[in-house]
Amino acid sequence: MRSAVTVSLTASAVLAGGLFAGQAQAAPSAPSITAPGGFVMNNGTGTTLYGKAADTRRSTGSTTKIMTAKVVLSQPNLNLDAKVTIQKAYSDYIVAKNASSARLIVGDKVTVRQLLYGLMLPSGCDAAYALADKFGTGSTRDARVKSFIGKMNDEARRLGLRNTHFDSFDGIGSGQNYSTPRDLTKIASSAMKNSTFRSVVKTKSTTQKVTTKSGGYRYMSWTNTNKLLSTYSGAIGVKTGSGPQAKYCLVFAATRGNKTVIGTVLASPSEANRAADVKKLLDYGFAR
């Protein structure tokens, strides 16, 4: 009888061992991406799931605007319905820099909430300028913008980010606007704790009613540059970026079940490469 039990237990152990061995073999292998920098983490636990040159400083393009939005949303006693009058300086800046635009009209009165949509969906550098001018401090526009960028850097330090620095409110910097895949992911993870930020960055398109200079109104329609929202199941954000130095960047997040995966790719050589890289990293993140 004892012998039979021993045989039975041994057989069970072999079966169990085979099962666990099979599971170990099924563990996903880390993907190969074309982007020179990438990082992925479990947003709930903060556990690193993937890294490639995760702490190498690179130009960030318009992914900078995540911090722009975060600084605005962290202002004390923030009134999202406060109106901001669009200045000629904002449109002149767009023309001078050949920058991405929310097509804001001089003289229109646009709410802070609407400016956040204009900032994050069409990646409006005019909206970024308007927000920096509104929430910086100082007696001149230049002083207010400088103050706002200072707040961006203060927030980076508060988050403990040693490889991030901003010299612009929109990513069009002068050589000192940089971050890393890990740092950008941490900025986005922190920003996603804000319900307004989450609502904005998951929006595929929106039409907003704004007040004109004459007291009438017009409708502004904006479409999100983040195509991941329409192409990846569970995608919830966050922000695209591109530029001559930055190339193609994306800070991304998706939720499936109770798990949210968040990450960043920097300097992908093309938009198609960026999309392929992000899909690989999300798939890998959910498989881990």
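The expected span of a helix is 1.5 Å times one less than its number of residues, and that rule will be useful at one of the stops below. The model on the screen is a predicted one, and this tour goes through it selection by selection.

**The whole chain**

Begin with the protein chain in full, whose secondary structure comes to 10 helices and 11 strands. Along its principal axes the C-alpha trace spans about 95 × 35 × 35 Å, and buried residues make up 49% of the 288 residues. If you display contacts between residues at least 6 apart in sequence, 61% of them join residues at least 24 apart.

**Helix H6**

Next, select residues 141–158, which form helix H6; at 1.5 Å a residue its 18 residues should span 26 Å, and the end C-alpha atoms are in fact 26 Å apart, which agrees. Colour the buried residues of H6, namely Val145, Ser147, Phe148, Ile149, Met152, Asn153, Glu155 and Ala156. An α-helix has 3.6 residues a turn, so residues three or four places apart point the same way. To see what lies over the buried residues of H6, add helix H2 (65–73) and helix H5 (125–135), which are included in their cover. Just after H6, pause at Gly160, which takes a positive phi of about 75 degrees.

**Tyrosines between H3 and H5**

A search of the whole structure finds 6 aromatic pairs. One of them to display is Tyr93 with Tyr129, an edge-to-face pair with 5.3 Å from centre to centre and 75 degrees between the planes. Because Tyr93 lies in helix H3 (residues 88–97) and Tyr129 in helix H5, this pair ties together parts that are 36 residues apart in sequence. Tyr93 counts as buried at 15% relative accessibility, and Tyr129 is buried as well, with a relative accessible area of 10%. Extend the selection to Tyr90 and Phe169, and you will have the cluster that ring pairs make of Tyr90, Tyr93, Tyr129 and Phe169.

Now turn to another pair, that of Tyr217 and Tyr219, whose ring centres are 5.7 Å apart and whose planes stand at 80 degrees, so the pair is edge-to-face. Both Tyr217 and Tyr219 are exposed. With Tyr217 still selected, add Lys209, whose charged end sits over the ring of Tyr217, 4.1 Å from its centre.

**Gln208 and helix H4**

Select Gln208, which belongs to strand E7 (residues 205–211) and is buried, with a relative accessible area of 15%. Leaving aside residues up to four places away in sequence, Gln208 touches Gln114, Tyr117, Arg218, Tyr219, Met220 and Trp222. With the first of these, Gln114, there is a polar contact between side chains at 3.4 Å.

Gln114 leads on to helix H4 (residues 112–120), which is mostly covered, with 8 of its 9 residues buried. The buried residues there are Val112, Gln114, Leu115, Leu116, Tyr117, Gly118, Leu119 and Met120.

**Thr264 in strand E11**

Move to Thr264, which has its place in strand E11 (residues 259–268). How exposed or buried is Thr264? Its relative accessible area is 0%, so Thr264 is buried. Show the neighbours of Thr264 and, not counting residues up to four places away in sequence, you will find Gly37, Gly38, Phe39, Pro181, Leu184, Thr185, Leu250, Val251 and Phe252 in contact. The side chain of Thr185, among these neighbours, makes a polar contact with the side chain of Thr264 at 2.8 Å.

**Two cysteines**

A search of the whole structure finds 0 disulfides. Cys125 is in no disulfide, and the nearest cysteine sulfur, that of Cys249, is 14 Å away. A pair of sulfur atoms would have to lie within 2.5 Å to count as a disulfide. Select the two residues in turn: Cys125 counts as buried at 1% relative accessibility, and Cys249 is buried with a relative accessible area of 0%.

**A last stop at Pro76**

Finish in the loop between H2 and strand E4 (83–85), where Pro76 is found. At 65% relative accessibility, Pro76 counts as exposed. From here, draw a distance to Arg198, which is 122 residues from Pro76 in sequence and, C-alpha to C-alpha, 19 Å from Pro76 in space.

Conventions: Residues numbered from 1 in each chain as written. Predicted model: local features only at pLDDT ≥ 70, side-chain atom pairs only at ≥ 80, totals over all residues. Heavy atoms only, no water. Helix = DSSP H or I, 4+ residues; strand = E, 2+ residues; numbered from the N terminus. Buried < 20%, exposed > 50% of the residue type's maximum accessible area, 1.4 Å probe, protein only. Polar contact = N/O pair within 3.5 Å; in protein donor to acceptor, adjacent residues only side chain to side chain. Contact = heavy atoms within 4.5 Å. Phe/Tyr/Trp six-rings, centres within 6.5 Å; stacked < 30°, edge-to-face > 60°. Lys NZ or Arg CZ within 6 Å of the ring centre and 35° of its normal.
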